[in-house]
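Here are a few friendly notes to read alongside the coordinates. I have kept them short, one topic to a point.

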Amino acid sequence: MRARFLLSATAAAITLAMLTGCTGATAGSAAQSVTPVSTAPLAELDTLEDPRSYQGGSTAVLQQSDITPVLEAPEQALPVTVTSHDLGGDIEITVTSAERVIGLDIAGSIGATIAGLGFADRLVGRDISTAFPAVADVPVVTSSAHTINAEAVLKLRPDLVITDGSIGPIDVVLQLRDAGVTVVFVDREASIDGVAVLARQVAAALGATEAGELLAERVRQQIDQKVAEIAAIAPRDPEQQLRVLFLYLRGTAGVYYLFGEESGADVLIEALGARDVAGEIGWDGMKPMTDEALVAANPDLILVMSSGLESVGGIDSLVAEMPAIELTTAGQNRRFVDMADSDILGFGPRLPDVLDALARAIYAPGQ
């Protein structure tokens, strides 16, 4: 999976957000209240005997919402010259200072990575998807539609902006560079390997390569461990595995998209020991949902963002609004799992925790 393709796919998500007014970091669900989750290891949970037959919705909740830095006081070596992966082509950028930093991307992965490296205290601005306790008081510089205002950013006097091109308009981001702000573009690949790549690239821009290597190694080990834990509780027979579909909802604008191969949702679903049925029917990227595609996929379970489910009034309202959903096994069983928008597709240092939370909601709901 190439990062350039994913940037174009992410641009599609921006268009979605701009059309629909995506609410970003909203948590919770219109389907049911969020209850505390067990802190017991996945192996100790009372898992479902047959996950395909379970009825009802559940919400995936992170066990810990903050991010533990890999180092408390990482060393920096500045100035440093790095490759900025601009959408128009790679260029060399010299970073002379990283005291006042802003990380910008549609999923909040860059801000989370900056915190994971040990630089949360350097963040002077954040995108709406960067949501964890350490940055609660940091000003948000993007709208609910994931658009950026250059004046709002410049007012914060950043000396470094790290982005992946998924926050736009791109001309506005480049205006920051024209105004004297150092802007570095990183590749953000929505994959397990991409988490480590992002850690290294962000760390390089901050002049902290040692911290980048440590974070990349830590997250990769945590992901591998979590995927192994999930595999131990998920059905091993492919015919018994859950057929899962990721559905993007914005009911207020009547927007319903299926996320297929190379959207990031496919990676998430497969890591959860399930089958990505959008990929199985040849659905790639992010496209408007059709009744035919939904029925052909026939998922056992549908993954959604929490605010998306809320925007359609909850599970029963969604099924009533879209009869094709009720023709699927997931619709008949009302089998939906929702998760906060700022968490579910964030391929950053919290990915192991995201997988853990989703696995609990899928295989041991209510625990």
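1. A good place to begin is Asn333, which lies in helix α13 (residues 329-333). This is a predicted model, and in it Asn333 has a relative accessibility of 13%. Buried means under 20%, so Asn333 counts as buried.

2. What is Asn333 in contact with, leaving aside its neighbours within four places in sequence? The partners are Arg52, Ser53, Tyr54, Gln55 and Gly56.

3. Next, a helix pair. Two packed helices are described by the angle between their axes and the distance between the axes. For helix α6 (residues 209-233) and helix α15 (residues 351-363), the axes come within 9 Å and cross at roughly 10 degrees. Angles under 35 degrees count as roughly parallel, and α6 and α15 are therefore roughly parallel to each other. Their crossing is left-handed.

4. If you would like to display the contact, select Val219, Gln222, Ile223, Lys226, Val227, Ile230 and Ile233 on α6. From α15, the residues are Leu351, Pro352, Leu355, Asp356, Ala359 and Tyr363. Sorted by class, the contact of α6 with α15 has 10 nonpolar, 1 polar and 2 charged residues.

5. Last, a word on confidence. The protein averages a pLDDT of 89, and 89% of the residues score at least 70. Over residues 1-34, however, the pLDDT is below 50. That stretch has 93 contacts in the model beyond near neighbours in sequence. Where pLDDT is low, the predicted coordinates should not be read in detail.

Technical notes:
Residues numbered from 1 in each chain as written. Predicted model: local features only at pLDDT ≥ 70, side-chain atom pairs only at ≥ 80, totals over all residues. Heavy atoms only, no water. Axes fitted to C-alpha atoms, helices over the stretch in contact; angles between N-to-C directions. Helix = DSSP H or I, 4+ residues; strand = E, 2+ residues; numbered from the N terminus. Parallel < 35°, antiparallel > 145°, perpendicular 65-115°, else oblique. Left-handed = near helix turned anticlockwise from the far one by under 90°. Contact = heavy atoms within 4.5 Å. Nonpolar A, V, L, I, M, F, W, Y, C, P; charged D, E, K, R; others polar. pLDDT = per-residue confidence, 0-100. Buried < 20%, exposed > 50% of the residue type's maximum accessible area, 1.4 Å probe, protein only.
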